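Here are some short exercises to work through with the model open beside you. Try each task yourself before you read the solution.

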Amino acid sequence: KTIVKSPSLMGCSLEENLKPKVQWLKGLGIDGSQVAMTIMKCPQLMGCNLEENLKPKIQWLKGLGMEDWQVAKAITKFPPLLGSYSLEENLKPRV
């Protein structure tokens, strides 16, 4: 189902791309089953650059005063926050 939504994942390296992102999500306080659900809801997030896209969004959320548990909850409730929306074009202008 995830591959159907985002076939480009087939071209991603398991060791260099997918595993580091799963570990990073777990490091944010998201447990394994929630990581799986998050990826299923928004598989495009696995194609995002960790350093240039995902980490800056988390830092921005924390800069708004969100605590780690709140960031983790926001990601699991609405994964496109990380995977689909541009920080500069979509998120920052709306805050």
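**Exercise 1. Find how exposed Lys92 is and name its salt-bridge partner.**

Solution. Keep in mind that this is a predicted model.

Step 1: Lys92 has a relative accessibility of 36%. Partly exposed covers the range between 20% and 50%, so Lys92 counts as partly exposed.

Step 2: The partner is Glu88, and the closest N and O atoms of this salt bridge are 2.9 Å apart.

**Exercise 2. Describe the overall make-up of the protein chain.**

Solution.

Step 1: Count the elements: there are seven helices and zero strands. Written along the sequence, the pattern is α-α-α-α-α-α-α.

Step 2: Turn to burial. Of the 95 residues in the chain, 36% are buried.

Step 3: Look at the surface. The chain exposes about 5,800 Å², and 55% of this comes from carbon and sulfur atoms.

Step 4: Consider contacts between residues at least 6 apart in sequence. Of these, 69% join residues at least 24 apart.

**Exercise 3. Check whether the span of helix α4 agrees with its number of residues.**

Solution.

Step 1: Helix α4 covers residues 50-63, which gives 14 residues.

Step 2: At 1.5 Å a residue, α4 should span 20 Å. The expected span uses one less than the number of residues.

Step 3: The C-alpha atoms at the ends of α4 are 18 Å apart, which agrees with the expected value.

Step 4: Now follow the path of the helix: α4 bends by about 25° at Pro56.

Step 5: Inspect both ends. At the start of α4, a side-chain oxygen of Asn49 comes to within 2.9 Å of the backbone nitrogen of Glu51. Just after α4, Gly65 has a positive phi of about 105°.

Step 6: Finally, pick out the buried residues of α4: Leu50, Leu54, Lys57, Ile58, Trp60 and Leu61.

**Exercise 4. Locate the salt bridges of Lys55 and Lys62.**

Solution.

Step 1: Recall a general idea: side chains of opposite charge can pair when their charged atoms come close.

Step 2: Lys55 pairs with Glu51, with 2.8 Å from N to O. Both residues belong to helix α4 and sit four residues apart, about one turn of the helix. An α-helix has 3.6 residues a turn, so residues three or four places apart point the same way.

Step 3: Lys62 pairs with Asp68 at 3.0 Å, N to O.

Step 4: Compare the accessibilities with the cut-offs. Lys55 is partly exposed at 29%, Lys62 is partly exposed at 30%, and Asp68 is partly exposed at 48%.

Step 5: The count of salt bridges comes to three.

**Exercise 5. Decide whether Thr76 and Tyr85 are buried or partly exposed, and list their contacts.**

Solution.

Step 1: Thr76 is found in helix α5, residues 68-77. Its relative accessible area is 13%, so Thr76 is buried, the cut-off being under 20%.

Step 2: A polar atom of the Thr76 side chain lies 3.0 Å from the backbone oxygen of Lys73. Beyond neighbours within four places in sequence, Thr76 contacts Ile30, Gln34, Thr38 and Lys41.

Step 3: Tyr85 sits in the loop between α6 and α7. At 33% relative accessibility, Tyr85 is partly exposed.

Step 4: Leaving out neighbours within four places, Tyr85 contacts Lys57, Phe78, Pro80, Asn90 and Leu91. Tyr85 and Leu45 are 40 residues apart in sequence, with their C-alpha atoms 10.0 Å apart.

Technical notes: Residues are numbered from 1 along each chain as its sequence is written. This is a predicted model: local features need pLDDT of at least 70, side-chain atom pairs count only at pLDDT 80 or more; totals for chains, interfaces and linings use all residues. Side-chain values use heavy atoms; hydrogens and water are left out. Helices (H or I, at least four residues) and strands (E, at least two) are DSSP runs, numbered from the N terminus. The bend at a residue is the angle between axes fitted to the seven residues ending there and the seven starting there. Buried means under 20% relative accessible area, exposed over 50%, partly exposed in between (1.4 Å probe, protein chains only). A polar contact is a pair of N or O atoms within 3.5 Å; within protein, one must be able to donate a hydrogen and the other to accept it, and residues adjacent in sequence count only if both atoms are side-chain atoms. Contact means heavy atoms within 4.5 Å. Accessible areas come from the Shrake-Rupley method with a 1.4 Å probe; for residues, only the protein chains shown count as cover. A salt bridge is a side-chain nitrogen of Lys or Arg within 4 Å of a carboxyl oxygen of Asp or Glu.
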